[in-house]
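The exercises below ask you to read a protein structure step by step. Try each task yourself before you turn to its solution.

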Amino acid sequence: MKLVFAGTPEVAVPALDALIASDRHEVAAVVTRPDAPAGRGRRLIASPVAERAEEAGIEVLKPARPRDEDFLARLREIAPDCCPVVAYGALLPKTALDVPARGWVNLHFSLLPAWRGAAPVQHAVMAGDEVTGASTFLIEEGLDSGPVYGVLTEEVRPTDTSGDLLTRLAFAGAGLLAATMDGIEDGTLHAVPQPAEGVTLAPKISVEDAQVQWSAPALRVDRVVRGCTPAPGAWTLFRGERLKLVQAAPVLDRTDLAPGELSAGKNNVYVGTGSHAVELLWVQPQGKKPMRAADWARGVRIAHGELVGT
């Protein structure tokens, strides 16, 4: 099939690579978000998908909005058979959805209908799911509600951050998306409607959502830290400034600390929660680089009974 691939961040690159490598399909063009400012100089930087497509000599389309007529006209000129999508980052209007004869097929990082929305992996980690996965489905105008072509499952490991899990799903999902394109092309794969039961939503995690509530149980605190790593980054307040929590771990045999109460030893830093303590392993003070929590604690000289989160 002639394909137009839509995607933007690094997590979409493995799927693009898999389709470029396929001897059954042609990636005629790539659609990605416009260049965005990044770094201290706030220079405009092309997306990882745009950079990879340019390296491969593939035409790159960067519409400000997918409903822009110039973009739709070029899409119609290319006349793709199918448009595979991975984390494109913009809603597709019906005028775009109607262009490819076999539709737009999204690789979504959850077992649909669970975790429909922008942040399925973060929500899976924060909810304590033991198993998640990826699904390919035909995009329709509803939110991740279209019929499903294929799925794969992936174990959520006890120490997984959302970044760890998303990386594994990106590479495994690349194979799933390529296989889905093969099955659509040869007619052996047909989309099946999602069940009405089991729908959960995964909206984008805001910075406010990532603030740790120390009155919650230790396992919940651990899940929030892992689920918000690397982005947007779990955090708390210490002496009126934000302290990012890069890595932490529950300590199930320590219950002597009040929620938010700090206890610092020579090599360990503990915080009380609504149940057991949590050990802070790596933190990032405001305006500084990540550091070991014990080094941070020595530098700030934590007072007896001092709290975080207030």
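**Exercise 1. The whole chain**

What percentage of the 310 residues of the protein chain count as buried? Describe the overall make-up of the chain as well.

Solution. Keep in mind from the start that this is a predicted model. Of the 310 residues in the protein chain, 47% count as buried, where buried stands for a relative accessible area under 20%. Turning to secondary structure, the protein chain contains eight helices and 15 strands. The C-alpha trace extends over about 70 × 45 × 30 Å along its principal axes. The area that the protein chain exposes comes to about 15000 Å², and carbon and sulfur atoms supply 52% of it. Finally, among the contacts with a separation of 6 or more, 65% are between residues 24 or more positions apart.

**Exercise 2. A helix and its length**

Work out what span is expected for helix H6 (residues 162-186), and compare it with the distance between its end C-alpha atoms.

Solution. The expected span is 1.5 Å times one less than the number of residues. With 25 residues, helix H6 should therefore span 36 Å, and the distance of 35 Å between its end C-alpha atoms agrees with this. The helix nevertheless has a kink of about 25°, and the centre of this kink is Ala 172. Just after H6 comes Gly 187, whose phi is positive, at about 80°.

**Exercise 3. Salt bridges within a helix and across the chain**

For each of three salt-bridged pairs, Glu 77 with Arg 74, Asp 295 with Arg 298 and Arg 239 with Glu 306, find where the partners lie and how exposed they are.

Solution. The structure holds 17 salt bridges, and we take these three in turn.

Step 1. Between Glu 77 and Arg 74, the closest N and O atoms are 2.9 Å apart. Both residues belong to helix H3 (residues 69-78), and because they are three residues apart there, about one helical turn separates them. Glu 77 counts as exposed because its relative accessibility is 57%, while Arg 74, at 28%, is partly exposed.

Step 2. Asp 295 and Arg 298 form a salt bridge with an N to O distance of 2.2 Å. These two residues are three residues apart in helix H8, so about one helical turn lies between them. Asp 295 has a relative accessibility of 38% and counts as partly exposed, as does Arg 298 with 46%.

Step 3. The side chains of Arg 239 and Glu 306 meet in a salt bridge at 2.7 Å, N to O. This pair links distant parts of the chain, 67 residues apart, since Arg 239 is in the loop between strand E10 (235-238) and strand E11 (241-251) and Glu 306 is in the segment after helix H8 (293-300). Arg 239 is partly exposed, with 47% relative accessibility, whereas Glu 306 counts as buried, with 17%.

**Exercise 4. Unusual backbone values in loops**

Where in the chain do Pro 113 and Pro 230 lie, and what phi values do Ala 79 and Trp 115 take?

Solution. Begin with the prolines. Leu 112 and Pro 113 are joined by a cis peptide bond with omega of about 15°, and Pro 113 is placed in the loop between strand E7 (104-108) and helix H5 (120-126). The peptide bond from Thr 229 to Pro 230 is cis too, with omega near 15°, and Pro 230 is in the loop between helix H7 (218-227) and E10.

Next, consider phi. Ala 79 is not a glycine, yet its phi is positive, about 55°; this residue belongs to the loop between H3 and strand E6 (83-86), and it is partly exposed at 42%. Trp 115, in the loop between E7 and H5, also has a positive phi, near 55°, but Trp 115 is buried, with a relative accessible area of 14%.

**Exercise 5. The surroundings of a leucine**

Which residues does Leu 281 touch, leaving aside those up to four places away in sequence?

Solution. Leu 281 sits in strand E14 (residues 277-285). Its contacts are with Gln 247, Ala 248, Ala 249, Met 291, Arg 292 and Ala 293. With a relative accessible area of 27%, Leu 281 is partly exposed.

Technical notes:
Residues numbered from 1 in each chain as written. Heavy atoms only, no water. Helix = DSSP H or I, 4+ residues; strand = E, 2+ residues; numbered from the N terminus. Bend = angle between axes of the 7 residues up to and from the residue. Buried < 20%, exposed > 50% of the residue type's maximum accessible area, 1.4 Å probe, protein only. Contact = heavy atoms within 4.5 Å. Areas by Shrake-Rupley, 256 points an atom, 1.4 Å probe, with all protein chains shown as cover. Salt bridge = Lys/Arg side-chain N within 4 Å of Asp/Glu carboxyl O.
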